[in-house]
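Please read this briefing alongside the sequence and the model. It starts with strands and then turns to cores and to the contact between chains.

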Amino acid sequence: MNRVRLATVWLDGCSGCHMSLLDMDERLLDLADRVELVYSPLVDHKEYPEDVDLVLVEGSVSSEEDLHKIRKIRRQSKILISLGDCAVTGNVPAMRNPFKTAEVLRRVYVENVSVESPTPNQVVPALLARVRPVHEVVPVDVFVPGCPPSADTIFWTLTELLEGRRPDLTGKTRFGA
Amino acid sequence: MTPAVSDVKTLQIDGIDVSAQADQTILDAAREKGLSIPTLCHLDGLGDVGACRLCLVEIKGTSKLLPACVTRVEEGMEVTTQSERLLKYRRMTLELLFAERNHVCSVCVANGHCDLQVLGQAHGLTHVQFPYRYPKLPMDASHDRFVVDHNRCVLCTRCVRVCDEVEGAHTWDVMSRGIGSMVITDLHQPWGESDTCTSCGKCVQVCPTGALFEKGKARLVAKSRDFLPYLAMMREGK
């Protein structure tokens, strides 16, 4: 039997959604029989593979790197799931949006430090002018709000998708849950 | 006293025959029959203003949608409170409310006790299709006990009405128009410097979101609003 090719991605989020994913505990074993984890911060693949069936995206699109990644992810995945409030709404990362990027960097690297360090402009990806939820950048197939969505919600969403159904999350989770 | 026959109107709401007093609104009549219409700016015990547009209903014979909270019942009216079209507009209204200011549920004091959040969930809102505006809005923490965070305000004007109608202080009002509207204390002075505020806290209790909250509490407990219909009833001597 061909197992479903599952990927999970961590953009601008706190990894709490991935923690919640791991909170599925022994149900992870049920899932392991049915999916192959082809890309994730939890495993060691470096390149996002071709032909991913399901991808869970945690985090908002905040940097040039996020933007590059999410476009590639969309191209190479069948079903894209926005997992958690950062991916769905922008959430906490988007709280910088009322301010200019330069103001944010000055606050972090100049005003709030005891020893002044240079604002990084090499190696680390440049911040976008505005943090955006995933669906403002690429089409999203399933939205799972929550901060983080509970393990039950994630498990239910995945099993619905594995059964070939489109999950209806009405009443199951909410913004900030 | 039994009302005169002419004071009673008979109408249909969602196909159910309803009789109501002539001065009742569609919302009153529907709720008496156990029919639910979503509301946000309405609060039992306060005057209605029809600000939030969530209680819009269809009335046969008019193409306009009308707010149930400020539309009086009429003889022979045929009202529909639930339809695909209404659900579409109610969802759109909620999405626009979420997109208009900075509603970050996960870090909001009202998370778990927020009328907007509950309405979003009840209407199956899993995301907001409109681009968020991210306006730069102030907080005023100058009052000894309370804070106003304009990021979370939905301009329902419950605070304005409870302060005016129930407390009689009229500290709160609305400034400017359209997207620039803001609730203000006195003549747009810091809340802590208000001459009229009695620090009664009624505005905090009626606020549907985390826009008004008490200092020193990281999480709101459920708000108490039961006093409102009771006060209104006692004052009217009903």
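In chain B, strand S6 is joined by two bridges to strand S7 (residues 146-149), and the two run antiparallel; strands are DSSP runs of E of at least two residues, numbered from the N terminus, and two strands pair if DSSP finds at least two bridges between them. This is a predicted model, in which local features need pLDDT of at least 70 and side-chain atom pairs count only at pLDDT 80 or more, while totals for chains, interfaces and linings use all residues. Residues are numbered from 1 along each chain as its sequence is written, and chains are lettered from A and ligands numbered from 1 in the order in which they are written.

**Sheet**
- Met139(B) has Asp149(B) in S7(B) as its bridge partner.
- These strands belong to an open sheet of three strands in chain B, ordered S6-S7-S10 with antiparallel pairing.
- Strand S6 (139-140) and strand S10 (212-214) of chain B are the edge strands, each pairing on one side only.

**Cores**
- The largest nonpolar core (buried Ala, Val, Leu, Ile, Met, Phe, Trp, Tyr and Cys residues joined through C-beta atoms within 7 Å; buried means 20 or more other C-beta atoms within 10 Å of a residue's own, placed from the backbone) has 62 residues, and Cys159(B), Cys203(B) and Leu212(B) are among those that touch the most other members.
- Apart from it lies another core of 31 residues, including Leu21(A) and Tyr39(A).

**Chain contact**
- In chain A, 21 residues are in contact (C-beta atoms, placed from the backbone, within 7 Å) with 18 residues of chain B.

Technical notes. Buried ≥ 20, exposed ≤ 12 C-beta atoms within 10 Å, placed from the backbone. Helix = DSSP H or I, 4+ residues; strand = E, 2+ residues; numbered from the N terminus. Contact = placed C-beta atoms within 7 Å.
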